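Reader: I would like to learn how the words used for a structure get tied to its values. Could we go through some of them together?

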Amino acid sequence: MMKSKADEEDYWNSSKYNAFTFDDADDELSALKETKKAVNSIGPLLAEDGEEDWERVSWSGEPVGSISWSVKEMAASNQRADREPAFPKISTETPSLGKSQSGISLSSLFKGETVIRSLLGDPSLRLYTPELRKPKSEYKDLVSDWSAEETVQRLQQGKGVTLEKFRSLQDKLLLLDLAVAAHDGNAITAVLIYLKRTLCKEVLFRELESRQTALRHFIHYLTENREQRLLLELLRALGRTEEAALLQYKDYKNIADENKRRDFLKSCLSLQFGGEDGNHVQDHYTLLERQIIIEAADRKAEREGKLEVFQKFPRKASILNMPLITTLYYCCFYHYNEPEQPAQRPKQYFTTALAARAKLKNWTDVDAMFNSRNWLGFSKKKSPLSFQRVVDILQKNSAPTRVLQEYVGLVSDAELRIGLAQKHKCHDIVINTYRDMKDRQQLAEYRKKVERGSAEERKIDELLSNQQIRWKN
Amino acid sequence: MAHSARRDSPELPDLSLLKRLVRDQLIYLLEQLPGKKDLFIDSDLMSPLDRIANVSTLKQHEVDKLYKVEHKPIVSISDQICFLIRPRMQTVKWICDVVNADKAAGKFRRYKIIFTPQKFYACEAVLEEQGVFGDVTTDEWAFYLLPLDEDIISLELPEFFRDNFLAGDQRWVRTAGSALHLLHSLFGPFSKVYGIGRCSKMTYESWREQVEQGEQKARHAEIGNVFLIDRDVDFVTPLCSQVVYEGLVDDIFRIKCGCVEFGPEVTSSDKSIKVMLNSQDKVFNEIRNEHFSNVFGFLSQKARNLQTAYDKRRGMDIQQMKTFVSEELKGLKQEHRLLSLHISASESIMKKKTKQDFQELLKTEHCLLEGFEIRECISFIEEHINRQVSMIESLRLLCLLSVTENGLLPKDFKSLKAQYLQSYGADHLLTFSNLRQLGLLVEQQPGETLTVMESKVGKLVNDRTAVKLTDAFSSLAKKSHFRALSKKLNLVPKSDEEYDLRVPRDMAYIFSGAYIPLSCKIIEQVLERDGWTGLEEVTRLINGHEFAVTGADPKSKSDAQRIILVMFLGGCTFSEISALRFLGKERGYKFIVVTTAITNSSRLLEALLDNNV
């Protein structure tokens, strides 16, 4: 937002939004700190028995007795047990039945069962069936001859239904259309599950094509049920090749091995992607191919300990599967001065390389990035990025004031330059800018901010007493 | 807030009733499975469950051990296992694995699945397919509504948004209808229902059917009016950075189920603490709706008052001191703690926000809302992407750009998408595909420039052909004619006017005076007009599905008529709640917000990434 940089201060100071800027943070923050101090200093009364009306919390901050807390405790106590083999092996022991049947209970059905079971003396005989609890009327419901309307209504109410009687295509579709008309996703999916089981794909797909709501439910059902193959068939049958391509491409996430993943991506290149997506997948493939080469070489170099940079800055993670810009950063960090360098350096490259070299505190490289010579051979600092941004990047990588100063000085807008210079304590720049602006008042004001008896103070005093400057105020 | 509430502001009904009801129901369900049992809980149900019951409630009903559902083999040795889950096929599949593994091991137990808030046929189909139908009993726990505060109720169903709006799956419509039905039978009868959006319409229908099927007891209404609104009616508002205290706390620390966890940076100790944020917290209650710039002033004033109150004890005699300690001290101490906590939280917010150029970010957002200096905004976003600043934040700005500009120019779209993929990874191809499907991030189609034309034409010619033409276009362009809406509803106040955030004059204060949230503005307008008359242009731009229905005749102008239940289908933000509270104070209403989940820009966009499923 280069052009508007200049307006920025204006914007915040004159527009209706000025009431609040986070840049006033320093003042606000110090005020806040004062308040905090004040609050903390109030009455030693509190120090004594300060804990009483806080909720009791565990070390993790969960209130003791809360469910989340209890589950965590359980997980912790189970940590050792966790490592036992996946599903337990067959045990010959018969599970002991729950002994304590005390407690308040609204239903005593299960108690009865336990009695029966112990009477039979065979705990493995599982006599209980949940259906037994259902009232008789419900039973009747299940066998009754419900119409399509009634069936859908029962589905909506979560009651049991039998769909088997809807055998003709016409009946099936009627059922589906009624479910759609009821706007009940659960009922729609229920009917679809039945149709999927009882219709061949060709017919089902054909009928869904003209029923968009049902179709979307079906696609979602297949996605959730992880029926990838059928879903792909469906999308292709509908001519939705772009979606099918993306769906297939997405599968790369399930391939952990990088070489297999690369090969898989290569196989995706022939898919019919929409728009530019084909190119993006191509880029993805090329990137991974490169990353595999870099990773192999660097892992070796790191192990052999020949390159100093790997020892000084050990790699935190493998570069495999990282985004392009991260890979670029990595290369600018570890392989900057190697012969193979891009001829063109777009802004994206510049930003990333700058951050990488700054992170290494290699200020010579940083400096060199900005050098350009004009036709007379004079060198001039140029940047595809605004110098304000450059300062920001450098400062985030904790560049020393000496380095920062150079780039702060290059910020073209005076107000912005002063702001940055003040922030980064580049006194010279502030002083010189005020001098150039002939702003005596501001300069006098700034005098209060520099250290007493410092070189800066002396410089300001000299300027202020300089008769030759025509101050504007 | 500076202005005092209108004196005749009606009293809110007691929502804690909802908690008692579901607690009793849970206990009943647990008793259906007598004897000791281990309970497995879906991780996203743990916090909601914590709000209505605690471990001792469960223990009293013979729950032995509690586990989190983790889709791993289980270690429980209990012979009765109960699963308390959301109705999701993958969870049911896992349960089937558990049962089948037990079977293979010759281990016999009782299993029960309690689906909440309801079961789905597809889940039971999984039980059948996996051959465990009958081995496992199922039940439903109708835990539809969790009151998070005296005026906020959540369905705690964040997946509602993705399922309904992205996948087009209407499985939750009935759920929303049932939730509304529950509120209707407890606090109704409602006399008016307004709504906008496809899902709202369907929810209304579902609710109406349930009312018809059930029996309605005549009772004294406590809630008179209802407003249903789909999230996709307004995507702009949840994409904006929140600057009201509660919203800001949610954006930064993430409020979960009405509770926030403040880390060591706030507590200035090595442990985190969890704090409930609601109207019970007297300090929070006074700052939650405030623009962040007012919070400091408020807190320091509060600190001074506190000091004065403490100072009173100087020069007291023993008797006075005794009264002071027994009557005032506890309250003061409580306030003191809360005050320190919110001061530290504010401090931490300031630090975080100054670090990430929040000011520039806000400026970009305001420009996008105003439609001003779009080129500069684009290059700001570009730089954001190039520097790999937060992936979600970049996506948020891209979406805000697209939604406010009605799509990106093809050239910009191509270049920004390419740069995005380079910075954050090629797998975001899928994210882009989702965002396009939802209409959140789209490329302008050559035909779409016509819509701008056509909306002008629409004003001049108002015959049927124009309407037809419009329908054809709006189905193509789907959402957002944000600029036209903004003009029509005056969403962006004129920038040459001063806006004093200390004395807010309208709902725009929640976005620093830069923008009145569209969702809330629609609600305001419809309530003011008692319907949609005069808003035809607006509903046309939003793509319709509006309705206003009158039900039971309100007996008199009772207080209930000024209690308005607003149901957000697909989530609402704390900023919107603050805006409605403000509106309520101005107009003498009280709003109760029902939402499928509390959302914000991060949650909204994270739901659209393709790393799940």
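Author: Gladly! A helix here is a DSSP run of H or I with at least four residues, and helices are numbered from the N terminus. With that in hand, Glu373(B) can be placed in the loop between helix 15 (358–370) and helix 16 (374–386) of chain B. Please keep in mind that this is a predicted model.

Reader: Why is Glu373(B) called partly exposed?

Author: Its relative accessibility is 23%. Buried would need a value under 20% and exposed a value over 50%, so Glu373(B) falls in between and is partly exposed. Another feature of Glu373(B) is its phi near 50°, a positive value in a residue other than glycine.

Reader: What makes Lys361(A) partly exposed?

Author: Here the value is 42%, which again sits between the two limits, so Lys361(A) counts as partly exposed. Lys361(A) belongs to the loop between helix 19 (347–359) and helix 20 (363–370) of chain A. Its phi is positive too, near 55°, and the residue is not a glycine.

Reader: And why does Thr573(B) count as buried?

Author: The relative accessibility of Thr573(B) is 2%, and buried means under 20%, so the word fits. You can find Thr573(B) in the loop between strand 13 and helix 25 of chain B. Apart from neighbours within four places in sequence, Thr573(B) is in contact with Arg231(B), Pro238(B), Gln242(B), Thr599(B) and Asn600(B).

Reader: What makes helix 19 of chain B mostly covered?

Author: Count its buried residues: 8 of the 11 in helix 19 (residues 428–438) of chain B are buried. Among them are His428(B), Phe432(B), Asn434(B) and Leu438(B). The elements covering them come from both chains, including helix 14 (241–250) of chain A and helix 17 (391–405) of chain B. Following helix 19 of chain B is Gly439(B), with a positive phi near 85°.

Reader: How do you know that Tyr249(A) and Tyr252(A) form an aromatic pair, and why is it called tilted?

Author: Let us start with the general idea. A pair of aromatic rings is described by how far apart the centres are and by the angle of the planes. Searching the whole structure gives 32 aromatic pairs over all chains. In the one between Tyr249(A) and Tyr252(A), the centres are 5.1 Å apart and the planes make 40°. Centres within 6.5 Å count as a pair, and 40° is neither under 30 degrees nor over 60, so the pair is tilted. Both of these tyrosines are buried.

Reader: What makes Lys165(A) lie over the face of Phe166(A)?

Author: The distance from Lys165(A) to the ring centre of Phe166(A) is 4.9 Å. The limit is 6 Å, with a further condition on the angle to the ring normal, and Lys165(A) is reported as lying over the face.

Reader: How do you know that strand 13 and strand 14 of chain B pair?

Author: Pairing takes at least two bridges, and strand 13 (residues 563–569) and strand 14 (residues 590–595) of chain B have 6, so they pair, in the parallel sense. Within this pairing, Phe568(B) stands opposite Thr595(B) of strand 14. Helix 25 (residues 574–587) of chain B packs on the sheet and touches strand 7 (152–154), strand 13 and strand 14 of chain B.

Reader: Why are strand 6 and strand 12 of chain B said to stand at the edges?

Author: Look at the order of the open sheet of 7 strands in chain B: 6-7-14-13-9-8-12, with mixed pairing. Strand 6 (146–149) and strand 12 (546–550) each have a single partner strand, so one side of each is left without a neighbour in the sheet. Neighbouring strands of this sheet are turned by 20° against each other on average, direction ignored.

Reader: What makes the peptide bond between Thr116(B) and Pro117(B) stand out?

Author: That bond is cis, with omega about 0°. Pro117(B) lies in the loop between strand 4 and helix 5 (121–129) of chain B.

Reader: How confident is the predictor in chain B?

Author: The average pLDDT of chain B is 86, and 91% of the residues score at least 70. Over residues 448–480 of chain B, though, the pLDDT is below 50. For the model, the scores are ipTM 0.88 and pTM 0.80.

Conventions:
Residues are numbered from 1 along each chain as its sequence is written. Chains are lettered from A and ligands numbered from 1 in the order in which they are written. This is a predicted model: local features need pLDDT of at least 70, side-chain atom pairs count only at pLDDT 80 or more; totals for chains, interfaces and linings use all residues. Side-chain values use heavy atoms; hydrogens and water are left out. Rings of Phe, Tyr and Trp (its six-membered ring) pair if their centres lie within 6.5 Å; planes under 30 degrees apart count as stacked, over 60 as edge-to-face and the rest as tilted. Buried means under 20% relative accessible area, exposed over 50%, partly exposed in between (1.4 Å probe, protein chains only). A charge sits over a ring if NZ of Lys or CZ of Arg is within 6 Å of the ring centre and within 35 degrees of the ring normal. Axes are lines fitted to C-alpha atoms, for helices over the stretch in contact, and angles run from 0 to 180 degrees between N-to-C directions. Contact means heavy atoms within 4.5 Å. pLDDT is the predictor's confidence in each residue, from 0 to 100.
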